[in-house]
Amino acid sequence: MAKHFREEAVPEPRHGCGSWLMGTVAAGVLLAVALRVFVIGAYYVPSGSMRETIHEGDLILGERVTLFFGGPEAGDIVTFASPLDEGETLVKRVIATAGQTIDLVDGFVYVDGERLDEPYVIRDDEGSQARTESLSDLGGSAGISYPYTVPENCIWVMGDNRTNSKDSRFFGPVSVDDVTSRAILTYWPLSDIGLL
């Protein structure tokens, strides 16, 4: 009589908790990198050029997703590669976009002939809006003369603290390709937390 041999089940090797943990960590790192590159960026604000909207030393978050669907618009606060110092990121407000004409008259900003209402601009000691002056006479400036029409694929940016901001008045228009994010909120310090 023939004997039937049963094959005994060979247990599968156990990968254990270690490989599951490594896979989870790797997926988390990849997700964090993808978010940082394509979705959101964190920025430190080193100067007071955006006071009172953003203060020196604030930490802000900027989103990148909407930039894939259209350029920044007037009123947006954006981060961009500094045209003055390589590797530095600046934060300013978009005042005008491609094809619009900027003019500075009696300390006020005009876009396409209309004076801008700028409640975000820092006030002087008497409570009046600080004057917006040309910076074309400063050494190293782009020598912008007004009225000035913003070139294609560019934006015109200014700091809200006009008397303490080197912005498009000094270095000229900013290429839309150099914009890294739209600032959306201040997250540190706790006293300054809020949407922008």
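**Reading a predicted fold through its contacts**

Me: If I start from a single side chain, which residues does L104 touch, not counting residues up to four places away in sequence?

Reply: Leaving out residues up to four places away in sequence, L104 touches V109, T132, E133, S134, Y146, M158 and R169. Please keep in mind from the outset that this is a predicted model.

Me: Which nonpolar core is the largest, and how many residues make it up?

Reply: The largest nonpolar core has twelve residues in all, and L104 is one of them, together with I95, A96, I102, V109, V111, I144, Y148, V150, C154, W156 and M158. At least two residues of this core come from each of the strands β4 (89–97), β5, β6 (108–111) and β9 (154–158), and β9 gives the largest share, with three residues. Another core lies apart from this one; it has eleven residues, including F80, L90, L135 and V174.

Me: How many helices and strands does the protein chain have, and in what order do the elements run?

Reply: The chain has two helices and twelve strands. Starting at the N terminus, the elements run α-β-β-β-β-β-β-β-β-β-α-β-β-β. You can set beside this that 33% of the 196 residues count as buried, and that, of the contacts with a separation of 6 or more, 59% are between residues 24 or more positions apart. The accessible surface is about 12,000 Å², and carbon and sulfur atoms account for 57% of that area.

Me: How should I read the order of the strands in the open sheet?

Reply: The general idea is that the strands of a sheet pair through backbone hydrogen bonds, in either a parallel or an antiparallel way. In this structure, an open sheet of four strands has the order β7-β6-β5-β8, and its pairing is antiparallel. The edge strands, each of which pairs on one side only, are β7 (114–115) and β8 (148–149). Strand β5 (residues 101–105) pairs with β8 over two bridges, in the antiparallel sense, and if you look for T101 you will find that its bridge partner in β8 is T149.

Me: How many aromatic pairs are there, and how do I tell what kind a pair is?

Reply: There are three aromatic pairs in the structure, and the angle between the ring planes tells you the kind, with planes over 60 degrees apart counting as edge-to-face. The planes of Y146 and W156 stand at 85°, with ring centres 6.2 Å apart, so this pair is edge-to-face. The pair links distant parts of the chain, since Y146 is in the loop between β7 and β8 while W156 is in strand β9, ten residues apart. By contrast, Y148 and W156 form a tilted pair, with 5.3 Å from centre to centre and 40° between the planes. Taken together, Y146, Y148 and W156 form one aromatic cluster.

Me: Are W156 and Y148 buried or exposed?

Reply: The cut-off for buried is under 20% relative accessible area. W156 has a relative accessibility of 0%, so it counts as buried, and Y148, at 18%, also counts as buried.

Me: Which charged residues lie over a ring?

Reply: R93 lies over the face of Y120, at 3.7 Å from the ring centre. The charged end of K166 sits over the ring of F170, 4.5 Å from its centre. R93 appears again among the residues touched by D76, which also touches K92, V94 and R182 when residues up to four places away in sequence are left out. D76 itself is in the loop between β2 (59–63) and β3 (77–81), and its C-alpha is 9.5 Å from that of V157, although the two are 81 residues apart in sequence.

Me: Which peptide bonds are cis?

Reply: One is the bond from Y146 to P147, with omega near -5°, and P147 lies in the loop between β7 and β8. Another is the bond from W188 to P189, with omega near 0°, and P189 is placed in the loop between β11 (179–188) and β12 (194–195).

Me: Where are D106 and N153 found, and what is phi for each of them?

Reply: D106, in the loop between β5 and β6, has a positive phi near 50° without being a glycine. Its relative accessibility is 59%, so D106 counts as exposed. N153, in the loop between β8 and β9, has a positive phi of about 60° and is not a glycine either. With a relative accessible area of 41%, N153 is partly exposed.

Key:
Residues are numbered from 1 along each chain as its sequence is written. This is a predicted model: local features need pLDDT of at least 70, side-chain atom pairs count only at pLDDT 80 or more; totals for chains, interfaces and linings use all residues. Side-chain values use heavy atoms; hydrogens and water are left out. Buried means under 20% relative accessible area, exposed over 50%, partly exposed in between (1.4 Å probe, protein chains only). Contact means heavy atoms within 4.5 Å. Accessible areas come from the Shrake-Rupley method with a 1.4 Å probe; for residues, only the protein chains shown count as cover. Two strands pair if DSSP finds at least two bridges between them. A nonpolar core is a set of buried Ala, Val, Leu, Ile, Met, Phe, Trp, Tyr and Cys residues joined through side-chain atoms within 4.5 Å. Rings of Phe, Tyr and Trp (its six-membered ring) pair if their centres lie within 6.5 Å; planes under 30 degrees apart count as stacked, over 60 as edge-to-face and the rest as tilted. A charge sits over a ring if NZ of Lys or CZ of Arg is within 6 Å of the ring centre and within 35 degrees of the ring normal.
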